[in-house]
Amino acid sequence: MQQTQMKIETRSSTGKGISRKLRAAGRIPGIVYGRDMEPVAVSLDPKALSAAIAGEGGINNLITLQGGGDLDKVVVIVADIQRDPIKRTPEHVDLHRVNMNEKVRINVPVNLLGTAAGVKEGGLLDFAHHYLHIECLPAEIPEHITIDINELKIGHAIHVEEIAFPQGVKCLDSAKTQVVGVLGKVKDEEAPAAA
């Protein structure tokens, strides 16, 4: 898993008015929280946030905070980003403090490898679950779960129980959950012509 650094500033004032002023000044209000700690209000540069979550791991990247007083060198993951509904710019960010020795529960994206045989035969790919809910140590968070679909035929599917997860990663979704399948009719063999 990719690990990046991000500068933050702690702030003592909170509320809608303060958040508006921060955004007007080009900063994003946020909160850092976690087990055995009081939530801490922070602000950060939108470019620093974009850089921290750039790359394949996205919001699952581990981020080491810098310059935040007691939060300096604290490792977090992005728990939530609230965005402007029209501009899609970040308006608030929740950062969850992680202990590198304790397992976390997180959603990771599914990456499909290849083209399903059933799609080549005219079937329709049914990609039902783009994310899987997993549990593992923070350092073992995979950037994605890769599923090879080359051999997937019409009428067949791949379920959670058929996926090989990296060592140390446990999937919390039901074993019977269908992740991807191919829909469509299997062509009947041509019936012999009537005599």
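Trainee: Where in the chain is K73 found?
Mentor: K73 is in the loop between β4 (62-66) and β5 (75-83), where helices (H or I, at least four residues) and strands (E, at least two) are DSSP runs numbered from the N terminus. This is a predicted model, so local features need pLDDT of at least 70 and side-chain atom pairs count only at pLDDT 80 or more, while totals for chains, interfaces and linings use all residues. Residues are numbered from 1 along each chain as its sequence is written, and side-chain values use heavy atoms, with hydrogens and water left out.

Trainee: And is K73 buried or exposed?
Mentor: K73 is exposed, with a relative accessible area of 64%; buried means under 20%, exposed over 50% and partly exposed in between, using a 1.4 Å probe and protein chains only. Its backbone also deserves a look, since K73 is not a glycine and yet has a positive phi of about 75 degrees.

Trainee: What about D36, what is its phi?
Mentor: Phi of D36 is near 60 degrees, again a positive value in a residue other than glycine. D36 sits in the loop between β2 and β3, and its relative accessibility of 77% makes D36 count as exposed.

Trainee: Changing topic, how many salt bridges does the count come to?
Mentor: The count comes to 5 salt bridges, a salt bridge being a side-chain nitrogen of Lys or Arg within 4 Å of a carboxyl oxygen of Asp or Glu. One of them joins the side chains of E9 and R27, at 3.9 Å from N to O.

Trainee: Which parts of the chain does that pair link?
Mentor: The pair links distant parts, with E9 in strand β1 (residues 3-10) and R27 in the loop between α1 (16-24) and β2 (28-34), 18 residues apart. E9 itself is partly exposed, at a relative accessible area of 44%.

Trainee: What do the side chains of R105 and E135 do?
Mentor: The side chains of R105 and E135 meet in a salt bridge, 3.1 Å from N to O. R105 lies in strand β7 (residues 104-113) and E135 in strand β9 (residues 131-136), so this pair ties together parts that are 30 residues apart in sequence. The two ends sit differently with respect to solvent probe access: R105 counts as exposed at 56% relative accessibility, whereas E135 is buried, with a relative accessible area of 16%.

Trainee: Which residue does K176 form a salt bridge with?
Mentor: K176 pairs with E161, and their closest N and O atoms are 3.3 Å apart. This pair also links distant parts of the chain, 15 residues apart, with K176 in the loop between β12 (170-171) and β13 (178-183) and E161 in the loop between β11 (157-159) and β12. K176 counts as exposed at 60% relative accessibility, and E161 counts as partly exposed at 46%.

Trainee: OK, S43 next. Which strand is it found in?
Mentor: S43 is in strand β3 (residues 37-44), and S43 is buried, with a relative accessible area of 3%.

Trainee: Which residues does S43 touch?
Mentor: Not counting residues up to four places away in sequence, S43 touches I8, E9, R11, L22, R27, I28 and P29, where contact means heavy atoms within 4.5 Å. Both partners of one salt bridge, E9 and R27, are therefore in that list of contacts.

Trainee: And C171, buried or exposed?
Mentor: C171 is buried, with a relative accessible area of 15%, and is found in strand β12. Leaving aside neighbours within four places in sequence, C171 is in contact with L132, H133, I134, V160 and F165. C171 and E140 are 31 residues apart in sequence and 13 Å apart in space, C-alpha to C-alpha.

Trainee: Zooming out, how many helices and strands does the chain have?
Mentor: The chain has 3 helices and 13 strands, and its C-alpha trace spans about 90 × 40 × 25 Å along the principal axes. Buried residues make up 38% of the 195 residues.

Trainee: What share of the contacts join residues at least 24 apart?
Mentor: Among contacts between residues at least 6 apart in sequence, 64% join residues at least 24 apart.
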